[in-house]
Amino acid sequence: MDNVEELEKLCQKITKLDPKMRSARLINSRGHLMAGGMKEGLLSLEAQKQDEMMFMELALRVRMRHEFDKEFGVVHFSMSYRDKVIVMSFPLSGDDVLLVSCEKDTDFGKIPFKILKLIEPLKNSPTKTF
């Protein structure tokens, strides 16, 4: 993947897409944080140790989702609408993943598609369906 400075800029660009964005983080295929973090001035809802567990679990989930690519096509993003926050994950090349969080009242019908356009260079194949 690209150099860390470029990845940090990408994460900042994503958090600036909407005032209700909370974080943008790039996680490698082993579940380690490569770049990004919380939007300036916001605190994470989870402890750092929980972050590490969440990143590892997310990396595993992204790899497991490939099992159904033949039947359903590739995953472009996944979203969880939770009590406190919306969490979205975007698979990237090499099983790396972009993890994004935003406030619950964010327009989640538009934001993921804006993010897909920004991360296109980091994906295995173009998003043909958009």
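Methionine 21 stands opposite cysteine 102 in E5. I start there since it is a convenient way into the sheet.

Some ground rules. This is a predicted model, in which local features need pLDDT of at least 70 and side-chain atom pairs count only at pLDDT 80 or more, while totals for chains, interfaces and linings use all residues. Residues are numbered from 1 along each chain as its sequence is written, and side-chain values use heavy atoms, with hydrogens and water left out. Helices (H or I, at least four residues) and strands (E, at least two) are DSSP runs, numbered from the N terminus.

Now the sheet. Five strands make an open sheet, ordered E2-E1-E5-E4-E3, with antiparallel pairing. The edges are E2 (33-38) and E3, each with a single partner strand, so one side of each has no neighbour in the sheet. From one strand to the next, the twist averages 10°. Two strands count as paired if DSSP finds at least two bridges between them; E1 and E5 have six, in the antiparallel sense.

Two helices lie across this sheet. H1 crosses E1, E2 and E5, and runs at about 155° to E1. H4 lies across E1, E3, E4 and E5, at about 30° to E4. For those angles, axes are lines fitted to C-alpha atoms, for helices over the stretch in contact, and angles run from 0 to 180 degrees between N-to-C directions.

Take H1. The expected span of a helix is 1.5 Å times one less than its number of residues. For the twelve residues of H1 that gives 16 Å, and the end C-alpha atoms are 17 Å apart, which agrees.

Which residues of H1 are buried? They are Leu7, Leu10, Cys11, Ile14 and Thr15. They cover an arc of only 135° around the axis, which puts them on the same side of H1. The arc is that of the directions from the helix axis to the C-beta atoms. Buried means under 20% relative accessible area, exposed over 50%, and partly exposed in between, with a 1.4 Å probe and protein chains only. The cover over the buried residues of H1 includes E1, E2, E5 and H4, where contact means heavy atoms within 4.5 Å.

On the other side of H1, Glu5 and Lys9 are exposed, at 56% for glutamate 5 and 51% for lysine 9. Their side chains form a salt bridge at 3.9 Å, N to O. The criterion is a side-chain nitrogen of Lys or Arg within 4 Å of a carboxyl oxygen of Asp or Glu. The two residues are four apart in H1, about one turn of the helix.

H4 (residues 111-119) has its own buried set: Ile111, Pro112, Ile115, Leu116 and Ile119. These cover an arc of only 140° around the axis, which puts them on the same side of H4. They pack against H1 (4-15) and strands E1 (21-27), E3 (78-81), E4 (86-91) and E5 (97-102).

Back to charges. How many salt bridges does the structure hold? Four. One of them joins aspartate 105 and lysine 20 at 2.9 Å, N to O. Aspartate 105 is in the loop between E5 and H4, and lysine 20 in the loop between H1 and E1, so the pair ties together parts 85 residues apart in sequence. Aspartate 105 is exposed at 55%, whereas lysine 20 is partly exposed at 32%.

Another links glutamate 57 and arginine 61 at 2.7 Å, N to O.
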